[in-house]
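Visitor: Could we take a close look at one part of this model, please?

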Amino acid sequence: MIADMLWQNNGRHGGSASSNTGMDAIGQQGVSHGSSITDQSPVPMLPDEIAGEQEERDKSFLQKKRACWTVTLLGAGLLIGMAIMALLPSGGNTNHINHPPAQAGPAITEKDPLDKFKPTIPVHKSPICSKFLEYGQNDHFLKLKEMLEVLLYDGKPGNFDIICSPQHLALAWMAFEDKHFVSSPSSLSMLRYSGVDTTTTLVPLLQRYVIVLLYFMWDGPNQWTTTTNWLSSTLSECHWAGVVCDKDTGRSVVELNFHAIGLTGSIPREIAKLNSLRILDLSDNFLRGPLPQEFYSLTNLEGLILYKNKLDGDISQSVVKLSELRILEARFNDFTGHILEGISQCTHLQVFDVDHNDFTGTIPNKIGRLTNLRVFDIFQNKFSGTLPTELGYLTKLDALDIFQNFFKGNIPSEMGNMSDLTTFMGGNNDFTGSIPSEFGQLQDLKYIDLGRCDLEGELPSELAQMKSLGPSINQRVLSS
């Protein structure tokens, strides 16, 4: 009852005198007010019983107190741990890999044929690709794709279906963002099936596509140092940096000047569709791989400038097709083959510079056909054999550099007929015999180096007396 509860509460707090006095007062007050307390007084507990019960209650209290503190500490520890984990960087030193959440991509069903193709550029690394994938494939996209397959690949599938390939990106840009070249799907379909010569009728479409393809093929969005007007949807490609069109019509691309702008990748076969191209300058970049066979159909090409890349392959059998070629600069690459056999038929050639490659073979007799040649530089290759007497027909030649090859035998006296020659670098070969006295006829000669060869005898007096060669002529010509 209430009295018993108060009594027991007093015992739990130690049963001090002051507490007992207070309890007596409360008990008396309750009686004086006529409360419902019965007349029977509670039986007081013995001191030993009070002490035992007090000890049990103290133990229970301490146990509950410890349990409460344990739960509190565990909760606090859990919160601290969660806070620390949230602050740790994702790339920390952990025993597992935290993969980033997958980004949403295009919905591809199991029956979708594109599912079997592996993207050449991961979607999450190409914002441009992600944007084009959002467009999907509408009727205009499919008609353009169909037409380009006819123009480029004889109706066979190209690489348009390979997600994020350069071909796919170029097609998507033209289908969804290009405002300069507008062609309705119906007109494309009519041209496809009406018997019209699509090769000539759709030259603007084909040309624009190839130029856009080069931009994606050579990583223009990420690597190029010059991109002025590129992918301008309102301007003709003739106004894009490095692209030059003919002055008469202002439409056909005749020159691509991409010197040292950061090109990477390989040269695509589609470039051969720029059949009006006369000058191609891809020098001082990071291009790799061989020239595609289709490349040699650029029969209007007059200048091919490829130096300082990592291009390779045998170009000897096909270069003869470039019959209009006037300038070939391909030094500092990894080309191979017997190029001189083919190049000797390019009778318009004026500059032939292929030093620092891996070309082999000999200088053929028909080299004498190149009567317009002004520069012949094959320094540091693997050419061998003897020098043909037909070199004497190259009367316009200004510089002849055959340094560091494997030539042997005598130097032909007919070379004295090369009246415009100013520089002759022939050292580091296996020449024998003596320097022809006919070299004294080369009145424009300013520099000659035949050192580190097996030449015999003294320097011809006609050559030694030439003031244009300077006082160190003996050292440069006959040094071993």
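Which residues make the nonpolar surface patch of about 350 Å²?

Guide: Happily! This is a predicted model, in which local features need pLDDT of at least 70 and side-chain atom pairs count only at pLDDT 80 or more, while totals for chains, interfaces and linings use all residues. Numbering runs from 1 along each chain as its sequence is written, and side-chain values use heavy atoms, leaving out hydrogens and water.

Your patch is made by Leu 78, Leu 79 and Met 82. Patch residues have over 30% relative accessible area (Shrake-Rupley, 1.4 Å probe, only the protein chains shown as cover) and no salt bridge (Lys or Arg side-chain nitrogen within 4 Å of an Asp or Glu carboxyl oxygen); nonpolar side chains (Val, Leu, Ile, Met, Phe, Trp, Tyr) are joined within 5 Å, like charges within 9 Å. Leu 78 sits in helix 3, residues 47-87 (a DSSP run of H or I, at least four residues). Its relative accessible area is 56%, so Leu 78 is exposed (over 50%; buried is under 20%, partly exposed in between).

As a counterpoint, the largest nonpolar core has 107 residues (buried Ala, Val, Leu, Ile, Met, Phe, Trp, Tyr and Cys joined through side-chain atoms within 4.5 Å). Helix 9 gives the largest share, 10 residues. Trp 218 is among the residues with the most contacts inside this core, and beyond four places in sequence its partners include Trp 224, Phe 258 and Leu 287 (contact: heavy atoms within 4.5 Å).

As for confidence, pLDDT (the predictor's confidence in each residue, 0 to 100) averages 78 over the chain, but stays under 50 over residues 89-124. Where pLDDT is low, predicted coordinates should not be read in detail.

Methods. Helix = DSSP H or I, 4+ residues; strand = E, 2+ residues; numbered from the N terminus. Buried < 20%, exposed > 50% of the residue type's maximum accessible area, 1.4 Å probe, protein only.
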